[in-house]
Amino acid sequence: MADALLDVRNLQKSYKQPEGVLNILHDVTFSIRKGEIVALVGPSGSGKSTLLHMVGLLDRPTGGEIFLNGHEAGQLNDKEKTLLRRQYLGFVYQFHYLQSEFSALENVIIPQMIAGTDKSKAEEKGREILAEVGLAHRYDHRPARLSGGEQQRVAIARALIKDPALLLADEPTGNLDPQTSDDVFNMLVKRVRQQGIGAVIATHNMDLAKRMDRVLTIQDGVLKAL
Ligand SMILES: Nc1ncnc2c1ncn2[C@@H]1O[C@H](COP(=O)(O)OP(=O)(O)OP(=O)(O)O)[C@@H](O)[C@H]1O
Ligand SMILES: [Mg+2]
């Protein structure tokens, strides 16, 4: 696709195991346009996290190509991948990986500061975005003093703070109660739409999936458009 923000072609991932090769992704091909929000659904073990990790340049594909804004990204070295990730990608992990020794606000702004943003500017934006996810009263709490859902919201804020071109979110509302899940999802979509961010959001929640622009379904590592 000529105007694709993300173009994934014939992506494959397999793992060598003592008992043989385990093929997890089979020739996965799809594109995402700028500003498009796409749901990724499929049963547990179907390959959603594996696919998001490949696209997020966190793991190396066995075959195929990944183009981010026209750059072939799948086979770059680690340093080049880090730069592309910083430039284009926001990632919300299924298991959120917050730094336990830092506060909610610090968790959100540290990646920004590593990337060169001035501390006071990062703090101002960090507070604003934590308030958007309903955590204005929890800036100074460390992860151990946040509920599971609050930790997940901090992870969402951390991914959105830099207004990435592409947001990859792996069950971002998986730990939240239905009402909070709805609120956080609405906030996420509002911000993504306002900023023209493209997004791939893995979810088991079909009600949420139907509210996105398109649904991709994965089953046993094979992708089909719904
Ligand atoms: N390092 C690995 N080595 C071997 N197999 C793996 C490895 N990582 C994942 N798998 C297998 O790949 C398959 C897909 O896993 P993945 O985490 O992508 O599923 P998922 O769709 O995200 O599931 P869930 O909805 O439970 O999060 C699973 O069967 C898993 O056991
Ligand atoms: Mg998963």
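How many bridges join strand β1 (residues 4-17) to β4, and do the two run parallel or antiparallel? Five bridges do the joining, and the strands run antiparallel. The close-ups below come from a predicted model.

**View 1. The open sheet, strand by strand.** Here four strands make an open sheet, in the order β2-β1-β4-β5, with antiparallel pairing. β2 and β5 sit at the edges with a single partner strand each, so one side of each has no neighbour in the sheet. As general background, strands of a sheet pair through backbone hydrogen bonds, either parallel or antiparallel. Follow the β1 and β4 pair and you'll find leucine 6 with leucine 68 of β4 as its bridge partner.

**View 2. The β4 and β5 hairpin.** β4 pairs with strand β5 (residues 71-72) in the antiparallel sense, over two bridges. Leucine 68 turns up again here, this time with histidine 71 of β5 as its bridge partner. Two residues lie between the strands of this hairpin, and asparagine 69 takes a positive phi near 50 degrees.

**View 3. Alanine 4 in strand β1.** Zoom in on alanine 4, which has its place in strand β1. Is alanine 4 buried or partly exposed? It counts as partly exposed, because it has 18 C-beta neighbours inside 10 Å, and buried would take 20 or more. Skipping neighbours within four places in sequence, alanine 4 is in contact with Ser31, Ile32, Arg33 and Phe67. The C-alpha atoms of alanine 4 and leucine 68 are separated by 8.1 Å, although the two residues are 64 residues apart along the chain.

**View 4. The shell around ligand 1.** Around ligand 1 you'll see Tyr15, Leu22, Ile24, Gly42, Ser44, Gly45, Ser46, Gly47, Lys48, Ser49, Thr50 and Gln94. Two elements give two or more residues to this shell, namely β2 (20-33) and α1 (48-55). α1 gives the most, with three residues. By residue class, the shell splits into three nonpolar, eight polar and one charged.

**View 5. Helix α1 over the sheet.** The same α1 that contributes three residues to the ligand 1 shell lies across β1, β2 and β4. Relative to β1, α1 runs at about 120 degrees.

**View 6. Arginine 60 in its loop.** Past α1, the loop leading to β4 (63-68) holds arginine 60. Why does arginine 60 count as partly exposed? The reason is its 13 C-beta neighbours inside 10 Å, since exposed would need 12 or fewer. For a longer-range distance, take alanine 165, which is 105 residues apart from arginine 60 along the chain. The C-alpha atoms of these two residues are separated by 21 Å.

**View 7. Helices α5 and α6 together.** The axes of helix α5 (residues 148-160) and helix α6 (residues 178-195) come within 12 Å and cross at roughly 5 degrees. That crossing angle makes α5 roughly parallel to α6, because angles under 35 degrees count that way. On the α5 side, the contact is made by Gly149, Arg153, Ile156 and Leu160, and α6 supplies Thr180, Val184, Leu188 and Arg191. The residues of this α5 and α6 contact divide into four nonpolar, two polar and two charged.

Methods. Residues numbered from 1 in each chain as written. Chains lettered and ligands numbered in written order. Predicted model: local features only at pLDDT ≥ 70, side-chain atom pairs only at ≥ 80, totals over all residues. Near = placed C-beta within 6 Å. Nonpolar A, V, L, I, M, F, W, Y, C, P; charged D, E, K, R; others polar. Pairing = 2+ DSSP bridges. Contact = placed C-beta atoms within 7 Å. Axes fitted to C-alpha atoms, helices over the stretch in contact; angles between N-to-C directions. Parallel < 35°, antiparallel > 145°, perpendicular 65-115°, else oblique.
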